[in-house]
Amino acid sequence: MDNYEPAMSFDEDAAENYDADPDVSQRANTSATVAFLEQLAGGGPALELAIGTGRVALPLAARGIRVDGIDFSPAMVAKLRAKPGGDQIAVTMGNFADVPVQGTYRLIYVVFNTLFNLLTQDDQVRCFENVATHLTDDGAFVVEAFVPTYLTRLRSDQYVDAEAIAVNEVRLDVGRHDPVTQRLEESHVVLSREGVRVYPIVARYAWPSELDLMARIAGLRLKERWAGWNRELFTSASTNHISVYGH
Ligand SMILES: C[S@@+](CC[C@H](N)C(=O)[O-])C[C@H]1O[C@@H](n2cnc3c(N)ncnc32)[C@H](O)[C@@H]1O
């Protein structure tokens with residue numbers, strides 16, 4: 001996607017709509033996410049890569065765990081700050097691939113496919129390497145990501161899905177896949193009498209096995225892999241995974 005910058009996907013408009021998006025509010029299973037992370041945090045401290053509006057960090061902090069965050073979007077972090085407890089969280093503004101913080105953490109996590117917002121294999125490996133240097137010896141690095149099974153339903157490496165059809169509005173999800181860079185260039189397109197709006201996003205996906213190799217490059221090992229936050233069994237039919245890495 002020419003001229004695309006990842007920050008474009010997390011501007012004021014995106015931040016305004018983020019928490020109410022059905023993908024976030026209905027499908028993300030935030031309470032199970034928080035319960036899983038609380039167990040692994042062992043009392044903390046915890047670090048969320050790409051903390052966003054605090055969907056996960058705020059309820060985790062409310063359970064008595066110190067949660068720090070990293071994000072590059074002022075608009076998303078402003079939403080976090082506006083919520084109860086949002087002024088108590090230390091957020092470093094920067095690229096989470098650099099893990100630009102001091103000290104070590106019992107738990108570091110990146111959820112909701114956000115690792116794939118790093119658009120090159122190099123950046124993803126760098127992220128694992130930097131995480132490893134900030135993880136305590138008994139610490140856990142948790143990654144939630146999709147398994148790229150959708151590739152099998154693409155026709156000529158592209159798709160158009162009718163996401164919602166209402167009387168006044170149609171929402172389409174349009175995607176194009178590049179098998180060499182492992183990138184999915186996607187836009188949500190909203191058509192209405194008011195005009196056309198587009199919400200572009202690019203992801204660089206990796207299979208679980210590639211993530212495991214990234215972890216090994218960084219000196220980490222896979223400790224657990226689940227299909228969901230309630231520790232559902234991970235199988236060849238799973239479309240998501242929760243992977244836990246450690247030293
Ligand atoms: C889909 S939201 C997820 C927010 C939160 N983790 C959650 O689960 O609700 C992705 C977040 O990643 C941030 N982000 C994406 N790429 C980033 C990068 N390279 N460095 C820092 N933040 C990044 C965006 O600003 C946004 O807040």
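**Figure 1. Salt bridges in the predicted model, with a close-up of Glu16 and Lys79.** In this predicted model, the structure holds 11 salt bridges. Side chains of opposite charge can pair when their charged atoms come close. One of these salt bridges is formed by Glu16 with Lys79, whose closest N and O atoms are 2.9 Å apart. Because Glu16 belongs to helix 1 (residues 12–18) and Lys79 to helix 5 (residues 74–81), the pair ties together parts that lie 63 residues apart in sequence. Glu16 counts as exposed, with 51% relative accessibility, whereas Lys79, at 25%, counts as partly exposed.

**Figure 2. Close-up of two further salt bridges and a network.** Glu163 forms a salt bridge with Arg171, and here the closest N and O atoms are 3.9 Å apart. Glu163 is partly exposed, with a relative accessible area of 39%, and Arg171 is also partly exposed, with a relative accessible area of 30%. The side chains of Arg197 and Glu169 meet in another salt bridge, with 3.7 Å from N to O. Arg197 lies in strand 9 (residues 195–204) and Glu169 in strand 7 (residues 169–178), so this pair ties together parts that are 28 residues apart in sequence. Both partners count as partly exposed, Arg197 at 41% relative accessibility and Glu169 at 29%. Elsewhere, Asp98, Asp123 and Arg126 are joined into one network by salt bridges that share partners.

**Figure 3. Close-up of the open sheet and the helices that pack on it.** Strands of a sheet pair through backbone hydrogen bonds, either parallel or antiparallel. The open sheet shown here has seven strands in the order 3-2-1-4-5-11-10, and its pairing is mixed. Strand 3 (91–93) and strand 10 are the edge strands, each of which pairs on one side only. Neighbouring strands of the sheet are turned by 20° against each other on average, when direction is ignored. Strand 1 and strand 2 (residues 67–71) run parallel and are joined by four bridges; in strand 2, Gly69 is the bridge partner of Glu48. Helix 6 packs on the sheet, where it touches strand 1, strand 4, strand 5 and strand 11, and its direction makes about 150° with that of strand 5. Helix 7 also packs on the sheet, touching strand 5, strand 10 and strand 11, and its direction makes about 15° with that of strand 11.

**Figure 4. Close-up of the largest nonpolar core, with Leu49 in view**. In soluble globular proteins, nonpolar side chains tend to be buried together. The largest nonpolar core has 37 residues, and those with the most contacts inside it are Leu49, Leu115, Phe128 and Phe141. Two or more residues come from each of strand 1 (46–49), strand 4 (105–110), helix 6 (121–133), strand 5 (135–146) and helix 7 (208–217). Leaving aside residues up to four places away in sequence, Leu49 touches residues including Ile70, Phe96, Ile108, Cys127 and Phe141. Apart from this core lies another, of 26 residues, among them Ala46, Val77, Ile89 and Val91.

**Figure 5. Close-up of helix 3 and its buried residues**. The 12 residues of helix 3 (residues 30–41) should span 16 Å at 1.5 Å a residue, which agrees with its end C-alpha atoms being 16 Å apart. Its buried residues are Ala32, Thr33, Val34, Phe36, Leu37, Leu40 and Ala41, and these pack against helix 4 (57–62), strand 4, strand 5, strand 10 (221–226) and strand 11 (240–246). Just after helix 3, Gly42 takes a positive phi of about 50°.

Notes. Residues are numbered from 1 along each chain as its sequence is written. This is a predicted model: local features need pLDDT of at least 70, side-chain atom pairs count only at pLDDT 80 or more; totals for chains, interfaces and linings use all residues. Side-chain values use heavy atoms; hydrogens and water are left out. A nonpolar core is a set of buried Ala, Val, Leu, Ile, Met, Phe, Trp, Tyr and Cys residues joined through side-chain atoms within 4.5 Å. Buried means under 20% relative accessible area, exposed over 50%, partly exposed in between (1.4 Å probe, protein chains only). Contact means heavy atoms within 4.5 Å. The expected span of a helix is 1.5 Å times one less than its number of residues. Two strands pair if DSSP finds at least two bridges between them. Axes are lines fitted to C-alpha atoms, for helices over the stretch in contact, and angles run from 0 to 180 degrees between N-to-C directions. A salt bridge is a side-chain nitrogen of Lys or Arg within 4 Å of a carboxyl oxygen of Asp or Glu.
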